[in-house]
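Thanks for coming. I will put the model up and then go through the packing, one region at a time.

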Amino acid sequence: MSNSITIGEIYRQLAAQLGSFLDAGRIVEFAIGKSRAEQIVSENQSVHQDDLKKVLALAERRKTGEPLDHIFGTREFYGLTFRVNKHVLSPRPETEMLVDFVFAKSTAADSLLILDLGTGSGAIPTAILKERANAHALAVDVSEKALEIARENATRHVVSDRIEFVKSNWFEKLSGTFDFILSNPPYITDVAMKQLDREVSEFDPEIALSGGQDGLDAYREIISKAPLYLSKTAWLAMEIGFDQAKAIIELLDKRGFKDILVQKDLAGHDRLVAARP
């Protein structure tokens, strides 16, 4: 790239190099602080040398396959900005269904106690507590590095006084009962783990992805013990892989759960399973 270049030129050259207009626009936005709309309006404006260096450095990282979330250090979830890094799985749009489920099954006046298993970035409980002033949460993860990020995100969104963070392998160190137990557990099979895109396999934490031979290891653990931690009218709700609903329903039914339901994501895939004890 030339050392003297306009916003429009660097955007087009970057898009050609990365094979993505979306990535190019996001990198330019992050580096120079102009939205894509502002880039279009000022496309003939020269890019400052310091900003150009930032753009080029970010582009080089993207070329290695590093996700933009990790490059920028943030991810949007439920209208909020969360810090993410290599120690946590970036929250996906589909996971917002768990937040929506809690809102659909409760009212703003309810004094809720929520358990989030495998909290990662803490996006799920933080998003819920941001909207529900009477809600409290216990956020659990086996990774202390993940809990550090989750605590930071709770503080960022001013809900840290209503979230307790515990390092635990699922229910291992827990006690008490909850109104909702939520989880987006690892559910990728051993075979599928070997076929993941580089952007996932090399940059997302394996512990947040690998669900064992059939992808159901975490579900077996959660479903077997959840009834001990659910109040009588409570819900267990979990994100699932697109082809796992039948197997998970069988696990729930065998454990004596009732009112089992499945919700589809915007792509029409089974994505959430919920049930009562």
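Phe180 has a relative accessible area of 3%, so it counts as buried. Keep in mind that this is a predicted model. Phe180 forms an aromatic pair with Phe101, edge-to-face, with 6.4 Å between the ring centres and 90 degrees between the planes. Phe101 is also in the buried class, because its relative accessible area is 1%. What does the pair tie together? Phe101 sits in helix H6 and Phe180 in strand S6, residues 178-183, so the pair joins parts that are 79 residues apart in sequence.

In total there are 8 aromatic pairs. Another of them is Tyr78 with Phe103, edge-to-face again, at 6.0 Å centre to centre and 75 degrees between the planes. Tyr78 is in the loop between strand S1 (74-77) and strand S2 (80-83), while Phe103 is in helix H6, residues 96-104. The two are 25 residues apart, and the pair links distant parts of the chain. On accessibility the partners fall into separate classes. Phe103 has a relative accessible area of 17%, and the cut-off for buried is under 20%, so Phe103 is buried. Tyr78, at 25%, is over that cut-off but not over 50%, so Tyr78 is partly exposed. Ring pairs also join Phe77, Tyr78, Phe82 and Phe103 into a cluster.

Next, the cores. Which residues touch the most other members of the largest nonpolar core? They are Val102, Ile114, Ile128, Ile163, Phe180 and Leu182, out of 31 residues in that core. Helix H6 supplies 6 residues, the largest share. Taking Ile128 as an example, and setting aside neighbours within four places in sequence, its contacts are Val99, Val102, Phe103, Ile114 and Leu182. There is another core, apart from this one, with 29 residues, among them Val166, Ala234, Leu236 and Met238.

Now to the N-terminal helices, beginning with H2. Helix H2 covers residues 21-32, which is 12 residues. From first C-alpha to last it reaches 16 Å, close to the 16 Å expected at 1.5 Å a residue. At its N-terminal end, Ser20 acts as the cap, with a side-chain oxygen 3.4 Å from the backbone nitrogen of Leu22. Just past the other end, Gly33 has a positive phi of about 75 degrees.

Which residues of H2 are buried? Asp23, Ala24, Gly25, Ile27, Val28, Ala31 and Ile32. An α-helix has 3.6 residues a turn, so residues three or four places apart point the same way. As for partners, the buried residues of H2 pack against four helices: H1 (7-18), H3 (36-41), H4 (49-63) and H5 (68-72).

From the H4 side, the residue to look at is Val55, which is found in that helix. Val55 counts as buried because its relative accessibility is 1%. Not counting residues up to four places away in sequence, Val55 touches Ile10, Leu14, Ile27, Ala31 and Ile32. Of these, Ile27, Ala31 and Ile32 are among the buried residues of H2. Val55 and Phe30 are 8.3 Å apart, C-alpha to C-alpha, with their positions 25 residues apart in sequence.

One last item, a charge and a ring. Arg36 lies over the face of Tyr11, 3.5 Å from the ring centre. That is the end of my list.

Notes: Residues numbered from 1 in each chain as written. Predicted model: local features only at pLDDT ≥ 70, side-chain atom pairs only at ≥ 80, totals over all residues. Heavy atoms only, no water. Expected span 1.5 Å × (residues − 1). Buried < 20%, exposed > 50% of the residue type's maximum accessible area, 1.4 Å probe, protein only. Contact = heavy atoms within 4.5 Å. Polar contact = N/O pair within 3.5 Å; in protein donor to acceptor, adjacent residues only side chain to side chain. Phe/Tyr/Trp six-rings, centres within 6.5 Å; stacked < 30°, edge-to-face > 60°. Lys NZ or Arg CZ within 6 Å of the ring centre and 35° of its normal. Core = buried A, V, L, I, M, F, W, Y, C linked by side-chain atoms within 4.5 Å.
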